Amino acid sequence: MDLNRLPLFSLLAQKMNWLGERQKVLAQNVANADTPNYRPLDLVTPKFQMGTPGPAPVQLARTDPGHLAGLSGSTDFSNNPNQYQVRPAGNAVNLEDEMMKVAANQMDYQAATQLYARSLGLLRSALGR
């Protein structure tokens, strides 16, 4: 049986592959922390979704014309003041930020592998093995 035909396993495999590629990019950023004119890179976060989309997002009800409309979509409120600092050699890698990204990436990968292993265990117990 091909596990990648099951949506959960396919989704987890895609997530783990993306996290592995992101780890390579973050390691490259750390390795080039002293390279002149190097700018840190990162991968765009894909939207991992199961086959059918979930319910529509919840909208705030405006019961009075004086009420403000709610925010639509996600807004990133994390203004990092060190995000665009460039050293005199032209290097923009901030080791603290990169190591935090590496740690978060590692935790996400561990969570995905644990979920994969537990789902596989549930499937095995359902099959009676």
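This passage describes the fold, the helices and several individual residues of a predicted model.

The secondary structure of the predicted protein consists of 2 helices and 0 strands. Helix H1 covers residues 7-31, and helix H2 covers residues 95-127. Of the 129 residues in the protein, 19% count as buried. The exposed surface of the protein comes to about 10,200 Å², and carbon and sulfur atoms supply 57% of this area. Among contacts in the protein with a separation of 6 or more, 71% are made by residues 24 or more positions apart.

The length of H1 was compared with the span expected for a helix. At 1.5 Å a residue, the 25 residues of H1 should span 36 Å, and the end C-alpha atoms of H1 are 36 Å apart, which agrees. The buried residues of H1 are Phe9, Leu11, Leu12, Ala13, Met16, Trp18, Leu19, Arg22, Val25, Leu26 and Asn29. The cover over these buried residues includes H2. As background to such a list, an α-helix has 3.6 residues a turn, so residues three or four places apart point the same way.

One of the buried residues, Phe9, lies in helix H1. Its relative accessibility is 4%, and Phe9 is therefore classed as buried, the cut-off being under 20%. When residues up to four places away in sequence are not counted, Phe9 touches Leu3, Asn4, Tyr116, Ser119, Leu120 and Leu123. The C-alpha atoms of Phe9 and Tyr116 are separated by 6.8 Å, although these residues are 107 residues apart along the chain.

The aromatic rings were also examined for pairs, and the count comes to 1 aromatic pair. This pair is formed by Phe9 and Tyr116, whose ring centres are 5.1 Å apart and whose planes meet at 85°, so the pair is edge-to-face. Because Phe9 lies in helix H1 and Tyr116 in helix H2, the pair ties together parts that are 107 residues apart in sequence.

A further set of contacts between the helices involves Val30 and Glu98. Val30 is placed in helix H1 and has a relative accessibility of 28%, so Val30 counts as partly exposed. Apart from residues up to four places away in sequence, Val30 touches Leu95, Glu98 and Met99. The C-alpha atoms of Val30 and Met99 are separated by 7.9 Å, with their positions 69 residues apart along the chain.

Glu98 lies in helix H2. With a relative accessibility of 2%, Glu98 counts as buried. The side chain of Glu98 is joined to that of Asn29 by a polar contact of 3.0 Å, and Asn29 is itself among the buried residues of H1. Leaving aside neighbours within four places in sequence, Glu98 is in contact with Leu26, Asn29, Val30, Pro40 and Val93. Leu26, one of these partners, is also buried in H1.

The loop between H1 and H2 contains Asn37. The phi angle of Asn37 is near 60°, which is a positive value in a residue other than glycine. Asn37 has a relative accessible area of 59% and is exposed, whereas Glu98 is buried at 2% relative accessibility.

How values were computed
Residues are numbered from 1 along each chain as its sequence is written. This is a predicted model: local features need pLDDT of at least 70, side-chain atom pairs count only at pLDDT 80 or more; totals for chains, interfaces and linings use all residues. Side-chain values use heavy atoms; hydrogens and water are left out. Helices (H or I, at least four residues) and strands (E, at least two) are DSSP runs, numbered from the N terminus. Buried means under 20% relative accessible area, exposed over 50%, partly exposed in between (1.4 Å probe, protein chains only). A polar contact is a pair of N or O atoms within 3.5 Å; within protein, one must be able to donate a hydrogen and the other to accept it, and residues adjacent in sequence count only if both atoms are side-chain atoms. Contact means heavy atoms within 4.5 Å. Accessible areas come from the Shrake-Rupley method with a 1.4 Å probe; for residues, only the protein chains shown count as cover. Rings of Phe, Tyr and Trp (its six-membered ring) pair if their centres lie within 6.5 Å; planes under 30 degrees apart count as stacked, over 60 as edge-to-face and the rest as tilted. The expected span of a helix is 1.5 Å times one less than its number of residues.
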